[in-house]
Amino acid sequence: MRQTFCSLKEPAMDFKRVKDYLSWLYYQYQIISCCAVLEPWEQSMFNTIILTIFAMVVYTAYVFIPIHIRLAWEFFSKMCGYHSTISN
């Protein structure tokens, strides 16, 4: 009997695949960052520092990139002679 795409077993297999993939990614992260050789309290401190740095980079990009894009747009539009009617 041929299986169809609407099989009931597929979602469970997809969740298992996703779980396996995420555990593989976490394992790769531990190997690359050498967290596997740290003690548990060192791992938590290291992960906290990395998460904090990542959060600060994302926040800074969210806040400052739109400002810089707007300033660059205004600069190049004035250089090219295009004047925007958008008010600040």
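How much area does the protein chain expose, and what share of it do carbon and sulfur atoms supply? I looked this up first, keeping in mind that the model is predicted, and I found that the chain exposes about 8600 Å², with carbon and sulfur atoms supplying 72% of that area.

**Entry: the chain as a whole.** I noted 2 helices and 0 strands in the protein chain. Of its 88 residues, 6% count as buried. Helix H1 covers residues 9-32, and helix H2 covers residues 40-80.

**Entry: a nonpolar patch.** I then turned to the surface, where Val 18, Tyr 21, Leu 22, Trp 24 and Leu 25 make a nonpolar patch of about 510 Å². One of these residues, Tyr 21, I placed in helix H1. I recorded Tyr 21 as partly exposed because its relative accessible area is 48%, and partly exposed covers the range between 20% and 50%.

**Entry: salt bridges in helix H1.** My count of salt bridges in the model came to 3. In one of them the side chains of Asp 14 and Arg 17 meet, with a distance of 3.8 Å from N to O. I asked myself why Asp 14 and Arg 17 are separated by about one helical turn. The reason I wrote down is that these two residues are 3 residues apart in helix H1. Asp 14 is partly exposed, with a relative accessible area of 39%, whereas Arg 17 counts as exposed at 56%, because the cut-off for exposed is over 50%.

Another salt bridge joins the side chains of Lys 16 and Asp 20, at 3.2 Å from N to O. Both residues lie in helix H1, and I noted that they are 4 residues apart, about one turn of the helix. Lys 16 counts as partly exposed at 47% relative accessibility, and Asp 20 also counts as partly exposed, at 39%.

**Entry: around Glu 74 in helix H2.** Here I found Arg 70 forming a salt bridge with Glu 74, the closest N and O atoms being 2.9 Å apart. Arg 70 and Glu 74 are 4 residues apart in helix H2, which is about one turn of the helix. Arg 70 counts as partly exposed at 39% relative accessibility, and Glu 74 is partly exposed with a relative accessible area of 23%.

Is Ser 77 buried or exposed? I entered Ser 77, which also has its place in helix H2, as buried, because its relative accessible area is 9% and buried means under 20%. A polar atom of the Ser 77 side chain lies 2.9 Å from the backbone oxygen of Glu 74.

Terms used
Residues are numbered from 1 along each chain as its sequence is written. This is a predicted model: local features need pLDDT of at least 70, side-chain atom pairs count only at pLDDT 80 or more; totals for chains, interfaces and linings use all residues. Side-chain values use heavy atoms; hydrogens and water are left out. Buried means under 20% relative accessible area, exposed over 50%, partly exposed in between (1.4 Å probe, protein chains only). A polar contact is a pair of N or O atoms within 3.5 Å; within protein, one must be able to donate a hydrogen and the other to accept it, and residues adjacent in sequence count only if both atoms are side-chain atoms. Patches are made of residues with over 30% relative accessible area and no salt bridge: like charges are joined within 9 Å, nonpolar side chains (Val, Leu, Ile, Met, Phe, Trp, Tyr) within 5 Å. Accessible areas come from the Shrake-Rupley method with a 1.4 Å probe; for residues, only the protein chains shown count as cover. A salt bridge is a side-chain nitrogen of Lys or Arg within 4 Å of a carboxyl oxygen of Asp or Glu.
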